[in-house]
Structures are given as C-alpha cells and as structure tokens.
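Subject: Structure for your review

Dear colleague,

Please find below the structure that I am handing over to you. I would be grateful if you could read the notes beneath it with the structure open.

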Amino acid sequence: MLELKNASIGYKGGVLAVQDVSFTVKEGEVVSLVGSNGAGKSTLLRAISGLLRPRAGEILFNGEPLHAVPPYDIVRKGIAMVPEGRQLFGRLPVIDNLRLGAYALSSKADAERSLAEVLGLFPRLAERKGQRAETLSGGEQQQLAIGRGLMSRPKLLMLDEPSLGIMPKLVSEIFRTIREISKKGLTVLLVEQNVFEALDISDRAYVLQTGKIVLDGQGKELLQSDMVRKAFLGM
Amino acid sequence: MYEQLAQQIVNGLLIGFLYSLIAIGLTMIWGVMNIINFAHGDFLMLGMFISFWLYTLYGLDPLFSIPICAGALFLLGLLIYRFLVSKVMTGPGLAQLVVTFGVSIFIANAAVYFWTPDFRMIQNPLLSGTWTLGAVDLSIPKAIASAGSVVVSFLVFLFLRKTKTGKAILATEMNRDSALLMGINTERVNALSFGIGSALVGIAGAFLSMYYYIYPQVGGTFGLISFCIVALGGFGSIEGAFVAGILIGIVQTLGGYFFDPAYKYAIVFAMYLVTVWIRPQGLLGW
C-alpha cells in the first residue's frame, strides 16, 4: 500500500534528517517506526503527508508517487495524519475540529457517517462537542486528534507519538483504541518513542537510528531482540 | 453638560463602528498570513474614490456603490496577493514588511497623479440631514454608515463561524500545517482572506464617502488608527477588532471633547502605546 524507496529527507537549509530509507506498509497492517528522539521518525511521516518533500528517492501510495501531489491533496488519496502534539484547532469547538477533519470529503452523507462513527468510538467527545478544543484534557485532546484523522475516512492512518504528554494511565487506552481501529480494517503507520507498547500492538516494525533503518521485523520478534531490549527497553 | 456628553458618546459610536469594520479587514489578513497590509488605508481611499467617481460620472448614489466597491477591492486584494505578497511569503521578514508599504506609496501617489490632491465631497447624496433624538443629533448618513458597518461585521463573523470556507480560514489561521493535513488549500485561503479583508475596507470606503472628505491621503490616518485597533483588540482577533474599534471611536471623541480636538489622535496613539506596554497580546488576543 505504502512504499518508500531510498528516501532522503531534510529540512530547508539543514542536514538530512533521514537518509536512504526504504520500507513498506501492506494493507491491513499495523506498522511501527520506533527509535529515540531525533532518529527521523516524525520527518518520515511529515514527508509522507506532504508537509516536507524528499530530496531523493520515492514515496509511493498504491503505486502512485506522492511527492508530486500537493500537500492538501494527500488526504484525498486516503492518507490521514494525526500529528505530534495533536495540533488541534484550539479555539474552535470539538465539533468544528471534527468537521474540519472531513473537509476533504465531497459527500455530506459520508461526513455525517464519519461523525457518527467517531463519536461512537469516543463518547467523551460527544459529551464535549461544544467545548473549545484547547480546554480538553491531554487524553481527550489525543482522542480528538485521532477522531479528526478518522473523519476523512482514510485507508492509511498515520499517528505521530500519540502517547506523548498523556497520563501513563491513559496511554494503554490510546494503544487499545489504535488496535481497535486497525481491527476494523484500517492500515496504521505508527511512530512512537514508547517502544514496548508500540511493538506490542504492531504486526511489523522498523527501528530507526540517526536517520537510518537499522533493524526490522515482526513486532513480537523485535521485542525479543537483544538490540531493542538494550537500546530502548533498558533490559 | 450631560447632553453634550451623550452627543459625544454617540459620535464616538458612529465613527467607532466604522473603525471596527476597517480593522476587521486588517486583522483578518494578519491573522491568516501574519502580514501587515500597510496599504489598508489606501484601499479605503480607493473605495471612497470609486464611490465618488461612480456618483460624479454616472450619478450612482454611494449607497448603491457598496457592492461595486466590495467587488473591486476584493479583486484588487486578490491580485496584490497573487502577484506581490505571495512571492515574499517565504522570503525574509523585511521583504514581507516592505512589500505592502511599497503598494501603499504607489497607490497614494498614483491617486495624486490621476485625481490631484484636491479635497472632494459627494454633494447631495441620497442620505442626508439629521434625526433628533431627545438631546442628541444623529446625522443620517453617519448613522446608516455605522449601522451598515455593524451588519457587515456581523456577517463576517457568521461567515467565519458557520460556513465551511469560513472555518477553513479560521483553521488556517490557527494551525497552517494541520489545515493542510485536513485537505485545505492554504494558498487559496491566503488569497481569499486578502480579498475579503480588502473588500471589507472597500465597503467601509463606500460608507465613509457618504459624509467624509475624499482625497488621496485620506487613508493615512484611518490606516494608522486601524493598526492601533488591531493591536488593542489582539492581532488576528475579529471580535477584538470589533470591540477595540468602538472603544477607540469613543476615546477619540471624548478625548477631543475634554481636552482639545487637536489632541484626539494623540490620545488614541497613547492608548496604543499603553496597550503594547501592559498587554502586548491585546484585549482579546492570545
């Protein structure tokens, strides 16, 4: 479904944050990109969602090159992103944040269907519909960010550090939700520093270190690998 | 004494509502693009001149020029965004600052060249005369211009809050990257906002032409005052600009009444200085 071929990505005027990275995400999978802070995980997601352009290499979605698609049309291809730090529209009410999530849908009926599904998945959001997004708690904000991503009825959902800044108690709830979403047939690409939880729910994972993929395999398999245990789990 | 005071407050409100409309246009452009349109006052002048010439050449009353002024300034804003402002959006900050300044100087001088620096007025517009309400005299053209400004301001507010396009503008203003992720063409939002902001000041120009002198430099003071209003209300805040416009209108007239008319603008700018000193984000800013 998603394929990166030898992608090198960097910020304007800076060094390359990601070098010669190749990976694939197949339909229906949950794939994690794990690694420490600064390894280039978020850079990869930003490039896939069009906010950054690769300097070299290709990004293909169902065989179609994405790097030629304008950033605002990526979502129309079926890719939604839940950005790091949630990046909600803070001064707008919850309901408007969700409706903006469906901005790219041309059919009103689809948007209404999405809304009903998302509110069903996150009943807390239904209770807080009229509240400004910035007044929600961290956990609720993350639910809203995920809900907003789901509103466009994507085929691929990308989540950037969904557990960041969330109370530890709520972290496992977030991961449970991600699992639930993937069971409904959605393909998930997850970026996480919370390596244990991420690998636990993933079919496959790639380990990034300073902009390069150093290891890949099945989620459970990587959890057992010496390298992952030493570098990320402190065992 | 009280009657005069009431009269001054009414006068303040009358000009204040118009200030609000002018400032909403400016704050909208700032909110979306973080660009100060220094040509905003000159756009006001263009609106006034369009209204003046439509009246002088074709006998069209300023009241009916309003949609024409709105359309013409919308188009002008769109073109200036497309061909000038968008080119410097990713450039250095100084370029962004200077580009609209250049537009301002160009428009003001072109107006002097084509229309001479003379003061003009629209003689005998459809709306004239005064209403007397108790002790307060209400100039009819001013009252209609103010009421019209309130209506237009409210329509802008509704447009932003209730329509899909309006929400896309607010979303872009709050978080440009997220707006892109939602599928919003933020470049188009920029152009649209520049157009709408300009159209609003065009409408204000048509209103103002019903009772104010029209000359090429007329935008200068109005432009400066609208910067003060935007700063006072909070950069980018529509509601803030509305409230601050009324406030500045009242302060200006009361200041002129209690001290000396010569000082009325000095008091307005003093208020601006105090604002940025005490509350740099403005009354309703964030």
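The notes below go from chain A to selected elements of chain B and then to the nonpolar core.

Please bear in mind throughout that this is a predicted model.

Chain A

Chain A contains 10 helices and 10 strands. Its radius of gyration is 17 Å, and the globule rule gives 18 Å for 235 residues, so chain A is as compact as a globular protein of that length. Along the principal axes, the C-alpha atoms of chain A fill a box of roughly 45 × 40 × 35 Å. Buried residues make up 46% of the 235 residues of chain A. Among the contacts in chain A with a separation of 6 or more, 64% are between residues 24 or more positions apart.

Helix H11 of chain B

Helix H11 of chain B comprises the 15 residues 264-278. At 1.5 Å a residue this helix should span 21 Å, and its end C-alpha atoms are indeed 21 Å apart, which agrees. Which residues of H11(B) are buried? They are Val268(B), Tyr272(B) and Thr275(B). These residues cover an arc of only 65° around the axis and therefore lie on the same side of H11(B). This fits a general rule: an α-helix has 3.6 residues a turn, so residues three or four places apart point the same way. The cover over the buried residues of H11(B) includes two helices of chain B, H9 (219-233) and H10 (238-258). On the face turned away from the buried side, H11(B) carries the exposed residues Ala266(B), Leu273(B), Val274(B), Trp277(B) and Ile278(B).

A hairpin in chain B

Strands E1 (residues 130-133) and E2 (residues 136-139) of chain B pair in the antiparallel sense over four bridges. Within this pairing, Leu133(B) stands opposite Val136(B) of E2(B). Two residues lie between the strands of the hairpin, and Gly134(B) takes a positive phi near 60°.

The largest nonpolar core

The largest nonpolar core holds 159 residues. Those that touch the most other members are Met158(A), Leu18(B), Ile22(B), Leu200(B), Ile203(B), Ala204(B) and Ile229(B). Helix H1 (residues 2-33) of chain B gives the most to this core, with 16 residues. Leaving aside residues up to four places away in sequence, Ala204(B) touches Leu18(B), Leu21(B), Ile22(B), Leu44(B), Gly47(B) and Ser149(B).

With kind regards

Definitions and conventions: Residues are numbered from 1 along each chain as its sequence is written. Chains are lettered from A and ligands numbered from 1 in the order in which they are written. This is a predicted model: local features need pLDDT of at least 70, side-chain atom pairs count only at pLDDT 80 or more; totals for chains, interfaces and linings use all residues. The radius of gyration is taken over C-alpha atoms; the globule rule is 2.2 Å times the number of residues to the power 0.38. A residue is buried if 20 or more other C-beta atoms lie within 10 Å of its own, exposed if 12 or fewer, and partly exposed in between; C-beta atoms are placed from the backbone. Two residues are in contact if their C-beta atoms, placed from the backbone, lie within 7 Å. The expected span of a helix is 1.5 Å times one less than its number of residues. The arc is that of the directions from the helix axis to the C-beta atoms. Two strands pair if DSSP finds at least two bridges between them. A nonpolar core is a set of buried Ala, Val, Leu, Ile, Met, Phe, Trp, Tyr and Cys residues joined through C-beta atoms within 7 Å.
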